[in-house]
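Work through the exercises below with the sequence and the model at hand. Each task is followed by its solution.

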Amino acid sequence: MSRIGKKAVAIPAGVKVEVGDGELKVTGKRGTLSRPIPDKVAVEVTGTEARVKLLDEGAVNLYGMYRTILSNMVLGVGDGFSRILEIVGVGYKAEVKSGSIHMMLGYSHPVVFALPDGIAAEVEANTVIKLTGMDKELLGQTAARIRMLRKPDAYKNKGIRYRGERLIKKVGKAAGK
């Protein structure tokens, strides 16, 4: 059995968890998140905590995962999540315009990335993009899609990277021997 799945999820004040019709719905000050629950897992809400119960012993792989999903939903509607991306390179910059991010990434044209609903962005100092949202999964997917527009180069370390990401710079070809 999963050790994570056995832990209860604390529900802070201002957050409401509802279970019904095979769907988990979490409401808080930032909005509402909902997710379907498989038949092999049940969620029980008692007072200020929620627990995930395993209904089928063959679905142990869902047990810890759905507890973590529930925990992320509760944290997301309460406080929200953020992800910070850094743009490194001469002439590389970004700006937010009407629900999209316009970036100059060394291509012959500007790259326009439309933000999905529920994700907000702000740019600091033209090279730092801060993404915020209540859905951790959508936030991570959006950050990964932005990073893929110009992955960090292994030789010059230019590109878009997560804040705190450690890159190993490769040594270039020797000029002469």
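A salt bridge is a side-chain nitrogen of Lys or Arg within 4 Å of a carboxyl oxygen of Asp or Glu. The model is predicted, so local features need pLDDT of at least 70 and side-chain atom pairs count only at pLDDT 80 or more, while totals for chains, interfaces and linings use all residues. Residues are numbered from 1 along each chain as its sequence is written, and side-chain values use heavy atoms, with hydrogens and water left out.

**Exercise 1.** Find the N to O distance between the side chains of Glu 18 and Lys 16, and state whether Glu 18 is buried, partly exposed or exposed.

Solution. The structure holds six salt bridges. One of them joins Glu 18 and Lys 16, at 3.0 Å from N to O. Buried means under 20% relative accessible area, exposed over 50% and partly exposed in between, with a 1.4 Å probe and protein chains only. Glu 18, at 31%, is partly exposed; Lys 16, at 49%, is also partly exposed.

**Exercise 2.** Place Arg 67 and look for a partner of opposite charge.

Solution. Arg 67 belongs to helix α2, residues 60–78 (a helix is a DSSP run of H or I, at least four residues, numbered from the N terminus). Arg 67 is buried and has no salt bridge. Its nearest side chain of opposite charge, Glu 49, is 9.3 Å away (Lys and Arg count as positive, Asp and Glu as negative; His and the chain ends are not counted). Glu 49 instead meets Arg 51 in a salt bridge of 3.8 Å, N to O.

Methods. Helices (H or I, at least four residues) and strands (E, at least two) are DSSP runs, numbered from the N terminus.
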